[in-house]
Amino acid sequence: MTDVRQSAARRRAIRILATIMATAAIAFGVVTMVIGIVIPEQAPHAFHNVMVATLLLVVSAPPAVLVARWPDD
């Protein structure tokens with residue numbers, strides 16, 4: 001495979017993996033947040049749920065979205 005084809009294939013792979021990571025981080029963050037609010041049995045875990053949702057939505061998702069949108073930067 002030539003360097004151009006390898007580079008295009010790598011960019012495509014990076015985009016696909018970053019999109020999966022961003023989608024998973026957003027989905028799990030939202031689910032954790034909703035479960036923590038809706039299910040009363042989760043009250044003892046409220047702090048943990050907030051921290052997990054925050055880490056997923058604020059720390060994990062944005063970099064993955066940026067890599068998915070601009071894999072060359």
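Accessible areas here come from the Shrake-Rupley method with a 1.4 Å probe. The model to which they apply is a predicted one.

**Exercise 1. The chain as a whole**

Determine how much accessible surface the chain has and what share of that surface belongs to carbon and sulfur atoms, and then describe the overall dimensions of the chain.

*Solution.* Begin with the surface: the accessible surface of the chain comes to about 5,600 Å², and carbon and sulfur atoms account for 71% of that area. Next, consider burial, where 15% of the 73 residues count as buried. For the dimensions, take the principal axes, along which the C-alpha atoms fill a box of roughly 55 × 15 × 15 Å. Finally, set the radius of gyration against the globule rule: the chain has 17 Å, whereas a compact globule of 73 residues would have a value near 11 Å.

**Exercise 2. Helices and contacts**

State how many helices and strands the chain has, and find what percentage of contacts between residues at least 6 apart in sequence join residues at least 24 apart.

*Solution.* The chain has two helices and zero strands. Helix 1 covers residues 3–38, and helix 2 covers residues 46–69. Among the contacts between residues at least 6 apart in sequence, 76% join residues at least 24 apart. One contact between the helices can be followed by name: Thr32, which is in helix 1, touches Asn49, which is placed in helix 2.

**Exercise 3. Three residues compared**

Decide for Arg10, Thr32 and Asn49 whether each is buried or exposed, and list the contacts of Thr32 and of Asn49.

*Solution.* The cut-offs are under 20% relative accessible area for buried and over 50% for exposed. Arg10 has a relative accessible area of 57% and is therefore exposed. Thr32, at 18%, is buried, and Asn49, at 10%, is buried too. Leaving aside residues up to four places away in sequence, Thr32 touches Asn49, Val52 and Ala53, while Asn49 touches Thr32, Gly36 and Gln42. The side chain of Thr32 also reaches the backbone oxygen of Phe28, at 2.7 Å. As a last step, return to helix 1, which holds Arg10 as well as Thr32: these two residues are 22 apart in sequence, and their C-alpha atoms are 32 Å apart in space.

**Exercise 4. Charges**

Count the positive and negative side chains and give the distance between the centres of the two sets.

*Solution.* The chain carries 6 positive and 4 negative side chains, and the centre of the positive set lies 11 Å from that of the negative set.

Notes
Residues numbered from 1 in each chain as written. Predicted model: local features only at pLDDT ≥ 70, side-chain atom pairs only at ≥ 80, totals over all residues. Heavy atoms only, no water. Helix = DSSP H or I, 4+ residues; strand = E, 2+ residues; numbered from the N terminus. Buried < 20%, exposed > 50% of the residue type's maximum accessible area, 1.4 Å probe, protein only. Contact = heavy atoms within 4.5 Å. Rg over C-alpha atoms; globule rule 2.2 N^0.38 Å. Lys, Arg positive; Asp, Glu negative; His and termini not counted. Charge placed at Lys NZ, Arg CZ, Asp CG, Glu CD. Polar contact = N/O pair within 3.5 Å; in protein donor to acceptor, adjacent residues only side chain to side chain.
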